[in-house]
Amino acid sequence: MGASLAKIDDAVWSKFEIKPAANPTPEKERAAKLADPGFGRVFTDHMAIVRYNQAMGWHAACVESRANFPLDPAAAVLHYAQEIFEGLKAYKRDDGGVNLFRPDANARRFRNSAERMAMAPLPEALFIEAVEQLVRIDSAWIPGGEGSLYLRPFMIASEIFLGVKPSADYIFAVIASPVGSYFKGGPAPVSIWVSENYTRAAIGGTGAVKCGGNYAASLRAQAEAIDHGCDQVVFLDAVERRYIEELGGMNVFFVFDDGSLLTPPLGTILPGITRDSIIALAKESGTPVREELYTIDQWRTDAASGKLKEAFACGTAAVISPIGKVRSANGEFLISGGAAGPVAMGLRKKLVDIQYGRAADPHNWIKKVL
Ligand code: PLP
Ligand code: COI
């Protein structure tokens, strides 16, 4: 690590030691990688890292060359999955500057996730500082156009102990990945598979926090979706097995013929920052938004009668992706004839225009990093 072992005083965030990579990616190679980055396979040259132990608290904050972690085979995360993460993006503005979108909301959710998973809560200012430092040093990796730099803060339990208890030691790190669209077809409508065999979350569980275990548990259902020719899985509630909850990695909205929106209520779903932003944008343009339960049977009926005009998935990675087709063991139905609808695409434009600094930001969602 090499960073100073000084404990980080709550007020002094300038404690990050910046150690630029000795052999950064040559410019030509970087340009080639940025030309078509896809999602999550290309990484920048650096990472931010901060350590925690009970004696010192958070310490040894550092930005350094991205490298493997030495991890003892008995590290708690490898056995009991004490792991949480976040996802947010940095966007290049037309004036060459760089925006983050609502990093304070990610920092707050990360803290909530840590509390639920009995991990050391990371001060929100430290989360934001780590993200900003990494974006600054790797700003050459932010794609132009509609691309962005996906930031992945995460925390793992690193105590070497096989007893089942909250770890005494943690590693917090941020890595960055230049990305294009999450789905291969860009904002083209996606198809989703209704999981009737698997659920994602139950009351009292971990559905509302962003822990790796939630995603591990979703993979079998997602594989089933792929087997049925669909892009993503949608989960139903664990009690009655009929209320729509969310997709494997996205929240969901429904658009009705009276112009109103509906999205499932918070509780067992992840409180998406995109979801929250869409609710705010819709409401301020006069669109009623209900946070209410909605069943899969009602969805099918409303799609058939024409009462349901559109449905879309939303999240940091997916932005807003229209849902064109819903498939389940009982057959399939189309939404807006399988085409992208104007409400989803209009909201998508409103949101990305704010993110890229092309539109006014009345909510102060944008944090300029450069
Ligand atoms: N739901 C799940 C399960 C997710 O993984 C995500 C992605 O982070 C979301 C919803 C959307 O959350 P956000 O808009 O904060 O990215
Ligand atoms: C995100 O949108 O940030 C997520 O974590 C979802 C995942 C499917 C990439």
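Below are a few exercises with worked solutions on this predicted model.

**Exercise 1. Work out how Glu29 and Lys33 are paired and where they sit in helix H1.**

Step 1: Start with the contact. Glu29 and Lys33 make a salt bridge, and their closest N and O atoms are 3.8 Å apart. The cut-off for a salt bridge is 4 Å, so this pair counts.

Step 2: Now look at the helix. H1 covers residues 27–35, and the two partners are 4 residues apart in it, which means about one helical turn separates them.

Step 3: Check the surroundings. Glu29 has 40% relative accessibility, so call it partly exposed. Lys33 is partly exposed too, at 33%.

**Exercise 2. For the salt bridge between Glu159 and Lys165, decide whether each partner is buried or partly exposed.**

Step 1: Get the distance. From N to O, the Glu159 and Lys165 side chains come to 2.7 Å.

Step 2: Recall the limit: buried means under 20% relative accessible area.

Step 3: Apply that limit. Glu159 comes out at 16%, so it is buried. Lys165 has 36% relative accessibility and goes down as partly exposed.

**Exercise 3. Find out which parts of the chain are tied together by Glu246 and Arg200.**

Step 1: Confirm the bridge. Glu246 pairs with Arg200 in a salt bridge, with 2.8 Å between the closest N and O atoms.

Step 2: Place both ends. Glu246 belongs to strand E11 (residues 244–247), while Arg200 is in the loop between strand E9 (190–195) and helix H5 (212–227), so the bridge ties together parts 46 residues apart in sequence.

Step 3: Look at accessibility. Glu246 is buried at 4%, and Arg200 is buried at 11%.

Step 4: Zoom out. The whole structure has 18 salt bridges. Some residues are linked in a network of them: Glu146, Lys349, Asp353 and Arg358.

**Exercise 4. Describe where ligand 2 sits and which residues its oxygen atoms meet.**

Step 1: Find the site. You'll see ligand 2 in the largest pocket.

Step 2: List the neighbours. Around ligand 2 are Phe85, Gly87, Tyr150, Arg152, Tyr182, Lys210, Gly249, Thr316 and Ala317.

Step 3: Pick out polar contacts, for which the N or O atoms must be within 3.5 Å. Tyr150 brings a polar side-chain atom to 2.6 Å from an oxygen atom of ligand 2. Lys210 also uses a polar side-chain atom, 2.8 Å from an oxygen atom of the ligand. With Ala317, a polar backbone atom is involved, at 2.8 Å from a ligand 2 oxygen.

Step 4: See how much is covered. On its own, ligand 2 exposes 280 Å², and the protein buries 88% of that.

**Exercise 5. Locate Ala118 and Arg241, and say what their phi angles look like.**

Step 1: Take Ala118. Its phi is near 55°, a positive value in a residue other than glycine. Ala118 is found in the loop between helix H3 (103–116) and helix H4 (124–137).

Step 2: Take Arg241. Phi is positive for Arg241 as well, about 55°, although this residue is not a glycine. The loop between strand E10 (232–236) and E11 holds Arg241.

Step 3: Finish with accessibility. Ala118 is partly exposed at 40%, and Arg241 is partly exposed at 39%.

Terms used
Residues are numbered from 1 along each chain as its sequence is written. Chains are lettered from A and ligands numbered from 1 in the order in which they are written. This is a predicted model: local features need pLDDT of at least 70, side-chain atom pairs count only at pLDDT 80 or more; totals for chains, interfaces and linings use all residues. Side-chain values use heavy atoms; hydrogens and water are left out. Helices (H or I, at least four residues) and strands (E, at least two) are DSSP runs, numbered from the N terminus. Buried means under 20% relative accessible area, exposed over 50%, partly exposed in between (1.4 Å probe, protein chains only). A residue is near a molecule or strand if one of its heavy atoms lies within 4 Å of it. A polar contact is a pair of N or O atoms within 3.5 Å; within protein, one must be able to donate a hydrogen and the other to accept it, and residues adjacent in sequence count only if both atoms are side-chain atoms. Accessible areas come from the Shrake-Rupley method with a 1.4 Å probe; for residues, only the protein chains shown count as cover. On a 1 Å grid over the protein atoms alone, a cavity is a set of points where a 1.4 Å probe fits but cannot get out, and a pocket is an open set with protein on both sides within 12 Å along at least five of seven lines; lining residues have an atom within 4 Å of a point. A molecule sits in a cavity or pocket if more than half of its atoms lie within 2 Å of its grid points.
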